[in-house]
Amino acid sequence: MKVPIIMLGSVSELQGYIDKTQLTEDLGGTLDYCHNRWLSRRTAIEGFAQKVKQTAQILQSFGTELAETELPNDVQSTSSLLATHTEKKDKMKEDIRLAVEQGDDILGSITKPVTENPEYKLNQDQLDNQTTVERLLAQLHETETAFDEFWIKHQQKLEQCLHLRNFEQNFREVKAALDIVSERLSAFTDVGNSCSHVEHILKDLANFEEKSCETIARARMLASEGDAFIQSNHYAVDSIIPKCSELHHLCDAFTTETEQRRNLLNKSLELHGLLEKSMKWCDEGIYLLASQPVDKCQSQDGAESALQEIEKFLDTGAGNKIKELNKIYREYAHILNEDLKEHVQKVFQKQESMEEMFQKRQISLKKLAAKQTRPVQPVAPRPEAFVKSPCTSPGLQRDYVSNSESSALRKVNYRKGKSEMTELHQSRGGSTMDDEENLAVLRQHVINELIETERAYVEELLCVLEGYAAEMDNPLMAHLISPDLQNKKDILFGNMEEIYHFHNRIFLRELENYIEYPELVGRCFLGQMKDFQIYEKYCQNKPRSESLWRQFSDSVFFQECQRKLDHKLSLDSYLLKPVQRITKYQLLLKEMLKYSKNCEGAEDLQEALTSILGILKAVNDSMHQIAITGYDGNLNELGKLLMQGSFNVWTDHKKGHSKVKDLARFKPMQRHLFLHEKAVLFCKKREENGEGYEKAPSYSYKHSLNMAAVGITENVKGDAKKFEIWYNAREEVYIIQAPTPEVKATWVNEIRKVLTSQLQACREASQHRTLEQTQSLPLPTSSCTSPSRNRIRNTKKLEERKADLASLEGSGTTVAPKCPEKDKGWAKTSHSLDASEENDGWSSAEDPLNSSDAEEEGGGGGGEMKLTPGKYTVVTDYEKGISEEFTVKSGDLVQLIREGEDGLWYVKNLSTGREGWIPANNVLMLIGNSKSAQSLSSSESGTASSTLSTSSSCSDSCNASSTSFSDIKG
């Protein structure tokens with residue numbers, strides 16, 4: 001087919017062929033069409049369509065990912081997954097929002113002409129574009145709606161999963177806490193051994209229940225939370241229901257078991273109340289028997305009156321005594337363990353014994369009431385009636401220890417009962433059996449008080465250790481403890497835990513073995529006496545403890561502990577308990593000894609009392625010793641502290657200005673002396689200001705004397721309270737004035753014991769060395785002595801020395817020996833001494849058996865001088881030795897080795913090396929006024945026969961000076 005082609009030359013020609021309405025504006029027509037605009041719009045619509053398609057695909061992929069995601073098994077992972085998915089969802093929502101905005105923009109540009117001119121009609125192409133964009137927007141909205149619905153379900157599942165994981169985690173924590181609570185509750189198995197003990201356990205149970213309330217409340221809240229999940233149709237209902245059921249069961253079981261424990265303890269409290277009422281009734285009955293004046297019962301009226309008292313008392317037994325033992329067993333079978341059952345049996349036995357005693361007393365009184373005998377007039381009739389007061393059973397009430405009035409009344413009654421029985425024993429010989437019976441009753445009272453107060457004491461120590469000391473390590477209480485108080489538990493409580501374990505595990509159990517044999521309880525104390533020394537450590541720490549307490553007594557921590565324990569007294573009162581207890585024992589032992597004079601264990605009781613008093617003295621001395629200040633050395637190196645006390649002290653020294661010496665003679669110094677085994681310390685007492693132990697005095701160290709160089713003069717003319725301590729051969733003299741003659745005698749005896757023991761030790765050491773030298777030296781060749789004669793004479797001399805040593809105890813003066821052991825740190829220069837200056841005493845190097853006083857009594861003036869081993873310079877020639885080969889010349893150095901028989905000395909010439917025997921008189925002539933080549937060592941001057949004045953020092957500086965024969969005066 002042929003189509004005509006017309007070539008047009010202008011727009012007007014074109015308009016001739018095509019209507020203007022069909023031509024665009026650039027061709028002169030009226031058709032609203034722009035090709036570039038069409039291209040741009042078409043491109044935007046196609047891009048939007050692609051965007052919608054991609055968004056749908058992404059949403060579908062994300063939905064598939066969410067649907068296929070496995071739920072985590074822990075809280076952290078679940079929370080992380082929920083956050084990640086939420087973040088992706090938010091990003092997808094943002095992409096959809098941007099796509100919708102893009103579609104709205106395209107649609108707006110298409111409908112813009114209509115918006116601007118409502119009469120404007122869109123052409124077909126515009127209408128098609130509008131339809132396309134609206135369809136894409138609708139598709140996008142549908143996709144978004146579907147995604148939102150899916151996300152809501154997915155998010156709900158994730159949140160339920162997170163709730164479940166939190167629930168499971170909380171369940172594990174609560175379950176562990178409940179297990180701990182149940183375990184602690186199961187530990188409340190003790191039913192107590194007294195009312196006070198049961199009350200203490202009940203308080204502990206109440207405190208425990210209060211502390212456990214938080215755990216139980218948390219468990220019940222978690223169970224309620226699980227029930228809420230079940231009600232909300234949680235997807236894991238099958239997992240939640242068993243856990244909720246277990247929580248409910250554990251809470252109910254705890255509540256039930258707590259109530260059962262409380263009921264058991266209340267039942268135990270009831271039983272112990274019955275037992276203690278019976279014990280109290282028995283004690284009152286025993287007290288009644290002991291308090292009835294036996295002399296007054298000899299008359300008919302007195303016997304009838306006593307019978308009425310007994311019958312009246314027995315009438316009170318209906319509500320106090322145990323009637324049927326089997327009934328008690330049946331009623332309290334669920335709380336009766338072996339110990340408690342044994343306790344019930346003992347109480348019942350005591351009740352039966354007491355009733356038997358009443359029956360015997362009734363029989364005796366009825367016989368006396370039936371006789372028409374004349375009453376016996378007592379030797380010393382008492383002006384007032386015997387005080388009758390029921391005696392509370394000791395130790396069964398917790399406040400008995402602090403009840404001073406009850407304790408004082410008990411002691412008065414004991415004294416009156418004992419006094420009356422003593423008078424009766426003097427007036428009537430036939431009452432011995434009744435006296436013994438009453439003494440046995442009183443002994444039983446003392447042992448009961450001792451054991452029951454010991455139990456109370458142990459409980460109080462445990463209460464302090466658990467309620468205070470243990471709480472200082474409790475993390476839950478750490479916020480209440482001041483930083484300055486942390487890590488100071490050992491200072492505050494000292495060795496209280498050690499004391500508690502000793503009394504709880506050892507001493508209390510030993511005491512209970514003597515309840516039937518009270519008169520033998522002294523053996524219990526003697527067997528454990530070494531362990532009581534732990535109190536010395538506690539008392540030495542007490543000043544530091546009290547100082548720390550005063551700093552922090554207002555601490556919230558201590559207030560909270562006191563509140564929990566329900567203590568009326570603060571901690572410092574309980575920290576004083578060990579000090580009070582150690583002083584209480586000697587009082588109880590005195591009481592027991594008073595009622596056990598003629599018993600088998602009287603000697604043991606006296607020894608135990610003496611030992612306890614010794615421990616108290618050691619504790620008291622140690623408290624003073626730790627207050628010494630200014631001493632550079634170690635006090636422990638001075639040996640055991642033997643004595644301490646305050647004295648007036650005058651000094652009278654050879655050295656020093658005459659005015660100072662004169663002043664010292666008249667003006668005493670106040671000094672506190674500490675006598676150790678190796679030294680005596682002079683200190684100045686200084687009173688301190690403060691409270692409690694801070695008010696205790698301190699002692700400023702002034703100087704000290706080595707006991708190895710000390711002598712004493714026991715009596716000073718003009719004053720029976722004075723004695724002398726002199727040092728270094730009276731170079732330093734201290735006149736000591738004691739408060740009383742008794743104190744002086746005690747100190748002098750103790751010092752004498754120290755010096756005597758030192759002398760004996762040095763003599764033994766010297767004899768041992770002499771024996772070794774004898775074995776290593778040649779024997780004398782003198783024909784005038786035989787081995788048997790030598791042996792006899794040596795034996796005789798040894799016996800004489802032992803006799804002299806024994807007589808030292810009765811001498812009026814005592815000295816310290818020159819001991820072979822040299823003590824570092826006590827070095828002093830030795831000096832020669834003129835014995836004529838000595839006044840009624842011994843130089844520190846003299847033997848007390850050869851004192852100046854003894855020589856003066858024997859005839860005064862230049863007595864014969866005795867020799868001692870050592871090295872000397874010869875002052876004259878000698879050629880008449882027993883051995884012709886032994887000669888010495890003036891200037892030779894000789895050594896006196898040992899003394900032989902018949903006045904011979906074995907001498908060695910150090911210049912020639914020869915040895916021989918020389919008569920003692922010739923030896924004196926040989927060395928004359930010469931001085932020893934070296935100062936005699938303490939080992940050389942320690943024999944009993946020596947009177948040489950040697951070094952007063954026990955240190956290595958002994959060799960600094962020499963000793964002269966000419967300085968010795970007979």
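## Charges over tyrosine rings

The charged end of Lys577 is placed over the ring of Tyr574, at 5.9 Å from the centre of that ring. The model in which this arrangement appears is a predicted one, and every distance and angle discussed below is to be read with that in mind. A second arrangement of this kind involves Lys341, which lies over the face of Tyr329 at 5.1 Å from the ring centre.

## Aromatic pairs

Across the whole structure, a search for aromatic pairs returns 22 of them. A pair of aromatic rings is described by the distance of the centres and the angle of the planes. For Phe188 and Phe208 the ring centres are 5.5 Å apart and the planes stand at 40 degrees, so the pair is classed as tilted, given that planes under 30 degrees apart would count as stacked and those over 60 as edge-to-face. This pair joins distant parts of the chain, since Phe188 belongs to the loop between α5 (124-186) and α6 whereas Phe208 belongs to helix α6, with the two positions 20 residues apart in sequence. Phe188 has a relative accessible area of 18% and is therefore buried, the limit for that class being under 20%; Phe208, at 10% relative accessibility, likewise counts as buried.

The rings of Phe507 and Phe532 have centres 5.1 Å apart and planes at 80 degrees, so this pair is edge-to-face. Here too distant parts of the chain are linked, with Phe507 in helix α14 (residues 496-512) and Phe532 in the loop between α15 (521-527) and α16 (534-552), 25 residues apart. Phe507 and Phe532 are both buried. The two residues also belong to a cluster, connected through ring pairs, that consists of Phe502, Phe507, Phe525, Phe532, Tyr535 and Tyr585.

## Helix packing

Helix α14, which carries Phe507, packs against α16 at an angle of about 150 degrees, with the two axes 10 Å apart. That angle makes α14 roughly antiparallel to α16, because angles over 145 degrees are assigned to that class. The crossing in which α14 passes α16 is left-handed.

Helix α6 (residues 195-231), the element that holds Phe208, packs with helix α7 (residues 237-291) at about 165 degrees, and their axes are 9 Å apart. The angle makes α6 roughly antiparallel to α7, and α6 passes α7 in a left-handed crossing. Sorted by class, the residues in the contact of α6 with α7 comprise 21 nonpolar, nine polar and eight charged ones. Towards the N terminus, helix α2 (residues 35-68) and helix α3 (residues 75-110) have axes that come within 10 Å and cross at roughly 160 degrees. The helices α2 and α3 are therefore roughly antiparallel to each other, and their crossing is left-handed.

## Loop residues with positive phi

Asn233, in the loop between α6 and α7, has a phi near 60 degrees, which is a positive value in a residue other than glycine. With a relative accessible area of 64%, Asn233 is exposed, the class that begins over 50%. Asn487 also has a positive phi although the residue is not glycine, and in this case the value is near 65 degrees. The loop that contains Asn487 runs between α12 (432-469) and α13 (489-493), and the residue is exposed, with a relative accessible area of 81%.

## Strand residues and their spatial partners

Where do residues 20 apart along the chain come to lie in space, in the case of Val710 and Arg730? The C-alpha atoms of Val710 and Arg730 are separated by 8.8 Å. Val710 is part of strand β6 (residues 710-713) and is buried, its relative accessible area being 1%.

Tyr872, for its part, is located in strand β10 (residues 870-873). The relative accessible area of Tyr872 is 1%, so the residue is buried. Tyr872 and Asp892 are 20 residues apart in sequence, and their C-alpha atoms are 8.5 Å apart in space.

Technical notes. Residues numbered from 1 in each chain as written. Predicted model: local features only at pLDDT ≥ 70, side-chain atom pairs only at ≥ 80, totals over all residues. Heavy atoms only, no water. Axes fitted to C-alpha atoms, helices over the stretch in contact; angles between N-to-C directions. Helix = DSSP H or I, 4+ residues; strand = E, 2+ residues; numbered from the N terminus. Parallel < 35°, antiparallel > 145°, perpendicular 65-115°, else oblique. Left-handed = near helix turned anticlockwise from the far one by under 90°. Nonpolar A, V, L, I, M, F, W, Y, C, P; charged D, E, K, R; others polar. Phe/Tyr/Trp six-rings, centres within 6.5 Å; stacked < 30°, edge-to-face > 60°. Buried < 20%, exposed > 50% of the residue type's maximum accessible area, 1.4 Å probe, protein only. Lys NZ or Arg CZ within 6 Å of the ring centre and 35° of its normal.
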